[in-house]
Amino acid sequence: MKEVSFDEAETYEPDEGWRRVSMAGSDAFAFEWFEKPPGHSSPMHDHENEQVCLCLEGELTVVTEDDEVTLGQYDSVWLESWEGHRVENTGTERAVGLDVFAPGRSFDFWTDRE
C-alpha cells in the first residue's frame with residue numbers, strides 16, 4: 001500500500017489558479033486532482049493516455065475536434081488515446097475535477113512541453 005496525503009502530494013501550477021495535484025497511482029493508471037478558475041481553459045492537446053475527467057465542483061466544458069460536452073457536478077467524460085481535447089471552466093465559480101489516466105503518467109507531460 002502507498003498512501004498519498006493531499007497536502008504533501010506533488011503539485012503543479014501551470015497557470016495562476018490552475019493547480020494539479022498528483023494522487024495515488026502507478027504505471028498502469030494515474031489520478032490528478034485539479035482546480036481551474038472561471039474562464040480558464042487548457043490548451044488543445046492530446047496524449048497516449050486514455051482519460052476520464054470527472055467534475056467534482058462547478059462546471060467544466062470538454063471540447064474535442066468533433067464534439068463538446070458540459071459537465072456538472074459528478075458528471076464525467078471518457079477520452080480515447082490521442083483524442084485532441086481541451087478542458088475549460090465555463091462557469092462563474094472555481095471548478096474542481098479529477099482526471100484518471102491509463103496508462104499512468106507524471107507531470108512531465110506539461111513541464112516538458114515547448
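Colleague: Is R19 buried, partly exposed or exposed in this model?

Modeller: The model is a predicted one. A residue is called buried under 20% relative accessible area and exposed over 50%, and partly exposed in between. R19 has a relative accessible area of 23%, so R19 falls in the partly exposed class.

Colleague: With which residue does R19 form a salt bridge?

Modeller: The general idea is a side-chain nitrogen of Lys or Arg within 4 Å of a carboxyl oxygen of Asp or Glu. Here R19 pairs with E35, and their closest N and O atoms are 3.0 Å apart. The partners come from distant parts of the chain: R19 belongs to strand 2 (residues 18-25) and E35 to strand 3 (residues 30-36), 16 residues apart. E35 counts as buried, because its relative accessibility is 13%.

Colleague: Which side chain meets E35 in a salt bridge with an N to O distance of 2.6 Å?

Modeller: That side chain is R94. R94 sits in the loop between strand 8 and strand 9, while E35 is in strand 3, so that 59 residues separate the two in this link between distant parts of the chain. At 39% relative accessibility, R94 is partly exposed. The arrangement extends further, as R19, E35, E57 and R94 are linked in a network of salt bridges.

Colleague: What does the pair of E32 and R20 tie together?

Modeller: E32 and R20 form a salt bridge whose closest N and O atoms are 2.7 Å apart. E32 lies in strand 3 and R20 in strand 2, so the salt bridge ties together parts that are 12 residues apart in sequence. Both E32 and R20 are buried. A search of the whole structure gives 7 salt bridges.

Colleague: Which residues form the negative surface patch?

Modeller: The patch is made by D46, E65, D66, D67 and E68. One of them, E65, is placed in the loop between strand 5 (60-64) and strand 6 (68-71). E65 is exposed, with a relative accessible area of 67%.

Colleague: How should one read the backbone, and where is the peptide bond cis?

Modeller: Most residues other than glycine have a negative phi, and most peptide bonds are trans. In this model, the bond from A102 to P103 is cis, with omega near -5°. P103 is in the loop between strand 9 (95-102) and helix 1 (108-111).

Colleague: What is the phi of Y74, and what is that of W82?

Modeller: Y74 has a positive phi, near 75°. Y74 is located in the loop between strand 6 and strand 7 (76-79) and is exposed at 58% relative accessible area. W82, likewise not a glycine, has a positive phi of about 65°. W82 occupies the loop between strand 7 and strand 8 (85-88), and its relative accessible area of 54% makes it exposed.

Colleague: How many helices and strands does the protein chain have?

Modeller: There are 1 helix and 9 strands. From the N terminus on, the order is β-β-β-β-β-β-β-β-β-α.

Colleague: What radius of gyration would a compact globule of 114 residues have?

Modeller: The expected value is near 13 Å, and the protein chain agrees, because its own radius of gyration is 13 Å. Along the principal axes, the C-alpha atoms fill a box of roughly 35 × 30 × 30 Å. Of the 114 residues, 37% count as buried.

Conventions
Residues numbered from 1 in each chain as written. Predicted model: local features only at pLDDT ≥ 70, side-chain atom pairs only at ≥ 80, totals over all residues. Heavy atoms only, no water. Patch = residues over 30% accessible without salt bridge, like charges linked within 9 Å, V, L, I, M, F, W, Y side chains within 5 Å. Areas by Shrake-Rupley, 256 points an atom, 1.4 Å probe, with all protein chains shown as cover. Lys, Arg positive; Asp, Glu negative; His and termini not counted. Charge placed at Lys NZ, Arg CZ, Asp CG, Glu CD. Helix = DSSP H or I, 4+ residues; strand = E, 2+ residues; numbered from the N terminus. Buried < 20%, exposed > 50% of the residue type's maximum accessible area, 1.4 Å probe, protein only. Rg over C-alpha atoms; globule rule 2.2 N^0.38 Å.
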